[in-house]
Amino acid sequence: MSTVILLRHGKSTANGSGILAGRSTKVNLDDTGRAQAEKLVERLEGVPLAELVVSPMLRCKQTLGPLAAARGLGKVVEPGLSEVDYGDWTGKELKHLAKEPLWRVVQAHASAAVFPGGEGLAAMQARSVAAVRAHDRRIAAEHGDHAVWLLCSHGDVIKSILADALGQHLDAFQRIVVDPASISVVRYTETRPFVMRVNDHGSDLRGIVPPAPKPKRGKKATGSSDAVVGGTTGP
């Protein structure tokens, strides 16, 4: 399997406004978000990218705009990576939503949380994990197990994908922090995922690129799913 960079969209006009944007269609990147999108080109310099996969939401497409142009890559739109459908909560002020009984469920028992008129967080995790794993299998088949690809999605979606990769129950996914424009990295293998970065804001990412496989003549390379006993020695 291959390596996926999980990018949260840049800062939007809704971030910091105290409003739960959800799937509102008119949410754009703000000035900070546009600068973050431009900076992404430099941050990923030296990291070969097989494909770009993106949530249908405008703020995600805008975040990948400069990178797609710089690399000459198209954007594969994936509905399974869309923002949570918050239903009746969409567009409401967070300070008011925090008084709702469901708020505590979202915080402490996320797997039971279903938004009125929308979807449940467990359903969101199921469709997002299914989407990322399906694309990873496809990209590995087309580009090889050493391929690196990038998806751009949303905070709760990425947190749920990371929770799955960590073998962590969804009820604990609120312990994971995923800021706007942050990068997390998961390498999928035959038997388990390896989480290589979480909420990264600026480190050299060339170390996430796996070397091209060098199988022995007549034999298939093995061991890619094994953890290094005692810890890795670094790139």
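**Entry 1: R138**

I began with the exposure of R138 in this predicted model, and R138 comes out as partly exposed, with a relative accessibility of 26%. I then located R138 on the chain and found that its place is in helix 5, the run that covers residues 121-143.

Next I looked up what R138 touches once residues up to four places away in sequence are set aside, and I noted E51 and V53. With E51 the side chain of R138 makes a polar contact, side chain to side chain, at 2.8 Å. I also recorded this pair as a salt bridge, since the closest N and O atoms lie 2.8 Å apart and the rule asks for a distance within 4 Å. The two partners belong to distant parts of the chain, 87 residues apart, for E51 sits in the loop between helix 1 (31-43) and strand 2 (52-54). I checked the exposure of the partner as well: E51 has a relative accessibility of 11%, so E51 counts as buried, the limit being under 20%.

For a second distance I took R138 with R192, and I wrote down 17 Å from C-alpha to C-alpha for a sequence separation of 54 residues.

**Entry 2: other salt bridges**

How many salt bridges does the rule give? I noted a count of 12. As a general reminder to myself, side chains of opposite charge can pair when their charged atoms come close.

One of the pairs I looked up is R133 with D164, whose side chains meet in a salt bridge at 3.1 Å, N to O. This pair also links distant parts of the chain, since R133 lies in helix 5 and D164 in helix 6 (residues 155-165), with their positions 31 residues apart. I then asked whether R133 is buried or exposed, and found that R133 counts as partly exposed because its relative accessibility is 29%. D164 likewise counts as partly exposed, here with a relative accessibility of 27%.

Another pair in my notes is R197 with D200, where the side chains form a salt bridge of 3.6 Å, again N to O. In this pair R197 is partly exposed at 22% relative accessibility, whereas D200 is buried, with a relative accessible area of 10%.

I also looked for charged residues joined in a network, and found R23, E119 and R127 linked by salt bridges.

**Entry 3: strand 1**

I turned to strand 1, which spans residues 3-8, and asked how many of its residues are buried. The result is 6 of 6, and I therefore describe the strand as mostly covered, buried being under 20% relative accessible area. Looking at the two faces separately, I found both covered: T3, I5 and L7 are buried on one side, and V4, L6 and R8 are buried on the other.

Which strands pair with strand 1, and in what sense? I found a parallel pairing with strand 4 (residues 148-153), over 6 bridges, and an antiparallel pairing with strand 5 (residues 183-188), over 5 bridges. To fix the register for myself, I picked a residue for each pairing: L7 has C152 as its bridge partner in strand 4, and I5 stands opposite V185 in strand 5. These two residues of strand 1, I5 and L7, are listed on one side of the strand, together with T3.

How values were computed. Residues are numbered from 1 along each chain as its sequence is written. This is a predicted model: local features need pLDDT of at least 70, side-chain atom pairs count only at pLDDT 80 or more; totals for chains, interfaces and linings use all residues. Side-chain values use heavy atoms; hydrogens and water are left out. Helices (H or I, at least four residues) and strands (E, at least two) are DSSP runs, numbered from the N terminus. Buried means under 20% relative accessible area, exposed over 50%, partly exposed in between (1.4 Å probe, protein chains only). Two strands pair if DSSP finds at least two bridges between them. Contact means heavy atoms within 4.5 Å. A polar contact is a pair of N or O atoms within 3.5 Å; within protein, one must be able to donate a hydrogen and the other to accept it, and residues adjacent in sequence count only if both atoms are side-chain atoms.
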